[in-house]
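The report below works from the overall form of a protein model to its ligand surroundings and then to selected local features. Please keep the sequence and the structure in view while reading.

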Amino acid sequence: MITSEMIKQRGMSLGADAIGIGNIERWKGAPLQMDPRQIMPECKSMIGMVFRVMRGSLRGVEEGTFFSNYSSMGYGGITYLFMPMVVMNLCRMIEDDGFEAIPMGHQSDWRGIDNEGAMRQGYSVPVVPGKAAPDVMLQLRIGAYLCGLGEIGYSKMFLSPQFGPRCRVGLVLTDLELEPDPIYSGPQLCNKCKACTVHCPGQAMSRDKTVRVELGGKTIEWGELDCKACDIAFRGGKVVDDPAAKGFYTEAMYGKKITASQYSPFVKKPSNLYNTGQAVCGGRGCVRACMISMEKRNVLKNKFKKEFRRDRQWTVDWSTPENRRVAAAGEHIAQVSLSNTSAGNLMKAAVEGEKNGALPRIKEAD
Ligand code: SF4
Ligand code: SF4
């Protein structure tokens, strides 16, 4: 019979950075559309795994020179490549023993609810009255919390004692009964410093309005998140206030024209990586500011020789003549993607751009 200890040893040897187990009873009271028992009615246990995002994957964003690594290796690479292999291989161990196991690790784009938790209009219907409309969406961060792997911070991000907000979560649902771990009760991880709200480029997190939920018999509180504001800002965009101005950064969002913000050096939003990776803001507030706050308080187990922030944070000054020229030129160019631009051309453009001083200038901010 497979034990919790065997599961943990296998999960860690496969590549998880931390692993915890929760029983299904902890999901009591979950909304129908977010209840794992809607997916697996006989589910007995949930196995949660934490996968670290390398601190180095945020370095290029921090320096303002290399943005794709966080989206690709830190976000999409873990979510779509590394994590599925670990989660699926762990499921093989369980199914070889005669129990069912569902590997989970990304938010289904097929989900029946939108980002705010409301039913998507005109999208799907329950197959039988009383069941959830497909797809049910499991909140991975809630799963990690209920598996005892850490806290949910004021930012609504999952915080692990090893990596803070710098992690992604994989889950396994199984009808195998396993000894659960307790809900996390170690050193306090989120101290409500609100650095996440102060440094969020979209001002997406409220500093005073909060949401309270009951999870596993405890009350958890996080700041109210404006998902639409985050949606725009995390891509590096900003709403155009002037009705006469053009919104060239990306297509209109929520009926609003979008331009490049001072937090993106790109004239147009770069193409998506690994399906959804497009976090141009690099978690400026919710990941980077929180990680810095936690490292300063010395509460994280994953320690580094040097502090992450070595300089003041930058913003882009789009009002300089050079940058206005680059932006104006970019308005007429289709989104840059490697499929229509050879590496040679990119290199030539970079060398020419550098010679001409045509690259958007980055200015330090206070
Ligand atoms: S930045 Fe501060 S308030 Fe926000 S989640 Fe992190 S520790 Fe909590
Ligand atoms: S992803 Fe970016 S825009 Fe969204 S909450 Fe985090 S810091 Fe703010």
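Is helix α8 mostly covered or mostly open, and how many of its 13 residues are buried? In this predicted model, α8 is mostly covered, since ten of its 13 residues are buried. The buried residues are Arg-284, Gly-285, Cys-286, Val-287, Arg-288, Ala-289, Cys-290, Met-291, Ser-293 and Met-294, and the buried residues of α8 pack against α3 (59–63) and α6. Just after α8, Asn-298 takes a positive phi of about 60°.

**Overall form**

The protein contains ten helices and 13 strands. Its radius of gyration is 22 Å, close to the 21 Å that the globule rule gives for 366 residues, so the protein is as compact as a globular protein of that length. Taken along the principal axes, the box filled by the C-alpha atoms is roughly 70 × 50 × 45 Å. Buried residues make up 41% of the 366 residues, and, among contacts with a separation of 6 or more, 70% are between residues 24 or more positions apart.

In soluble globular proteins, nonpolar side chains tend to be buried together. Here the largest nonpolar core has 84 residues, and those with the most contacts inside this core are Ile-47, Met-49, Val-50, Val-172 and Cys-290. Helix α4 (residues 68–96) gives the largest share of the core, nine residues. For Met-49, leaving aside neighbours within four places in sequence, the contacts are Gly-11, Ala-16, Ile-19, Val-86, Val-87, Val-169 and Gly-170.

**Surroundings of the two ligands**

Around ligand 1 there are 14 residues, of which Gly-153, Cys-190, Cys-193, Cys-196 and Cys-290 are the closest. Helices α6 (195–198) and α8 each supply at least two residues of this shell, and the largest share, four residues, comes from α8. By class, the shell of ligand 1 has eight nonpolar, four polar and two charged residues.

Around ligand 2 there are 13 residues, and Cys-200, Cys-230, Ala-233, Gly-285 and Cys-286 come nearest. Both α7 (227–233) and α8 (284–296) supply at least two residues each to the shell of ligand 2, with the largest share, three residues, coming from α8. The classes in this shell are nine nonpolar, three polar and one charged. Helix α8 thus gives the largest share of the shell around ligand 1 and the largest share of the shell around ligand 2.

**An enclosed strand and its partners**

Strand β11 (residues 256–260) has four of its five residues buried, so this strand is largely enclosed by the rest of the structure. Strand β9 (residues 237–239) runs antiparallel to β11 and is joined to β11 by three bridges, with Gly-237 standing opposite Ala-260. Strand β10 (residues 250–253) also runs antiparallel to β11, and two bridges join β10 and β11; in this pair Thr-250 stands opposite Ile-258. The hairpin of β10 and β11 has two residues between the strands, and Tyr-254 in that hairpin takes a positive phi near 55°.

**Local backbone features**

Two lysines in loops have positive phi values, and they are set out below.

| Residue | Phi | Loop | C-beta neighbours inside 10 Å | Class |
|---|---|---|---|---|
| Lys-156 | near 75° | between β4 (151–152) and β5 (158–159) | 18 | partly exposed |
| Lys-194 | near 65° | between β6 (167–174) and α6 | 20 | buried |

Why does Lys-194 count as buried? Lys-194 has 20 C-beta neighbours inside 10 Å, and a residue is buried if 20 or more such atoms lie within that distance. Lys-156, with 18 C-beta neighbours inside 10 Å, therefore counts as partly exposed.

Between Pro-134 and Asp-135 there is a cis peptide bond, with omega about -15°, and Asp-135 is found in the loop between β3 (101–104) and α5 (140–146).

Asn-23 belongs to strand β1 (residues 18–23) and is partly exposed, with 18 other C-beta atoms within 10 Å. Leaving aside neighbours within four places in sequence, Asn-23 is in contact with Lys-44, Ser-45 and Pro-180. The C-alpha atoms of Asn-23 and Asp-35, which are twelve residues apart along the chain, are separated by 13 Å.

Terms used: Residues are numbered from 1 along each chain as its sequence is written. Chains are lettered from A and ligands numbered from 1 in the order in which they are written. This is a predicted model: local features need pLDDT of at least 70, side-chain atom pairs count only at pLDDT 80 or more; totals for chains, interfaces and linings use all residues. A residue is buried if 20 or more other C-beta atoms lie within 10 Å of its own, exposed if 12 or fewer, and partly exposed in between; C-beta atoms are placed from the backbone. Two strands pair if DSSP finds at least two bridges between them. A residue is near a molecule or strand if its C-beta atom, placed from the backbone, lies within 6 Å of it. Ala, Val, Leu, Ile, Met, Phe, Trp, Tyr, Cys and Pro count as nonpolar, Asp, Glu, Lys and Arg as charged, and the others, Gly among them, as polar. The radius of gyration is taken over C-alpha atoms; the globule rule is 2.2 Å times the number of residues to the power 0.38. Two residues are in contact if their C-beta atoms, placed from the backbone, lie within 7 Å. A nonpolar core is a set of buried Ala, Val, Leu, Ile, Met, Phe, Trp, Tyr and Cys residues joined through C-beta atoms within 7 Å.
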